Amino acid sequence: ALTGPYVRGDVGTVRDHLAALSRLAPGALEMYRATARRELDIAVRRGELDEEGAAPLRHLLEDR
């Protein structure tokens, strides 16, 4: 079962995660983004989050 910010569409939490990783473990950012995108895809596929709710997270998780 998926839980957490991806199922909730919680942009604030994911933004906080990315900020913390940028400061404390920048080498882990790409792994976090890849894992997060996968979890988000699963949540959408299972109907736990719709595309409208997923869009802001997808934007936030884009490589920068």
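**Exercise 1.** Does leucine 18 count as buried or exposed, and at what relative accessibility?

*Solution.* Before starting, note that this is a predicted model, where local features need pLDDT of at least 70, side-chain atom pairs count only at pLDDT 80 or more, and totals for chains, interfaces and linings use all residues. Residues are numbered from 1 along each chain as its sequence is written, and side-chain values use heavy atoms, with hydrogens and water left out.

Step 1: recall the cut-offs, with buried under 20% relative accessible area, exposed over 50%, and partly exposed in between (1.4 Å probe, protein chains only). Step 2: leucine 18 has 7% relative accessibility, so it counts as buried. Step 3: place leucine 18 in helix H2; helices (H or I, at least four residues) and strands (E, at least two) are DSSP runs, numbered from the N terminus. Step 4: list what leucine 18 touches, not counting residues up to four places away in sequence: Leu29, Tyr32, Arg33, Leu60 and Leu61. Contact here means heavy atoms within 4.5 Å. Leucine 61 is 43 residues from leucine 18 along the chain, yet their C-alpha atoms are separated by 8.7 Å.

**Exercise 2.** Find which residues have the most contacts inside the largest nonpolar core.

*Solution.* Step 1: a nonpolar core is a set of buried Ala, Val, Leu, Ile, Met, Phe, Trp, Tyr and Cys residues joined through side-chain atoms within 4.5 Å. Step 2: the largest such core has 18 residues, and Val14, Leu18, Tyr32, Leu40 and Leu61 have the most contacts inside it. Step 3: two or more residues each come from helix H2 (11–24), helix H3 (29–45) and helix H4 (51–60). H3 supplies the largest share, seven residues. Step 4: look at leucine 40, which contacts Tyr6, Leu49, Ala54, Leu57, Arg58 and Leu61 once neighbours within four places in sequence are left aside.

**Exercise 3.** Work out how H2 packs against H4 and against H3.

*Solution.* Step 1: axes are lines fitted to C-alpha atoms, for helices over the stretch in contact, and angles run from 0 to 180 degrees between N-to-C directions. Angles under 35 degrees count as roughly parallel, over 145 as roughly antiparallel, 65 to 115 as roughly perpendicular and the rest as oblique.

Step 2: H2 and H4 have axes 10 Å apart and an angle of about 10 degrees, which means that H2 is roughly parallel to H4. Val11, Val14, Arg15 and Leu18 of H2 meet Pro56, Leu57 and Leu60 of H4.

Step 3: for H2 and H3 the angle is about 160 degrees, with axes 10 Å apart, so H2 is roughly antiparallel to H3. Val14, His17, Leu18, Leu21 and Ser22 of H2 meet Leu29, Tyr32 and Arg33 of H3.

**Exercise 4.** Identify the buried residues of H3 and what covers them.

*Solution.* Step 1: the buried residues of H3 are Leu29, Tyr32, Arg33, Ala36, Leu40, Ile42, Ala43 and Val44. Step 2: their cover includes helix H1 (5–8), H2 and H4. Step 3: check the charged entry: arginine 33 counts as buried because its relative accessibility is 12%. Leaving aside neighbours within four places in sequence, arginine 33 contacts Leu18, Leu61, Glu62 and Asp63. Step 4: follow the chain onward, and just after H3 you meet glycine 47, with a positive phi of about 80 degrees.
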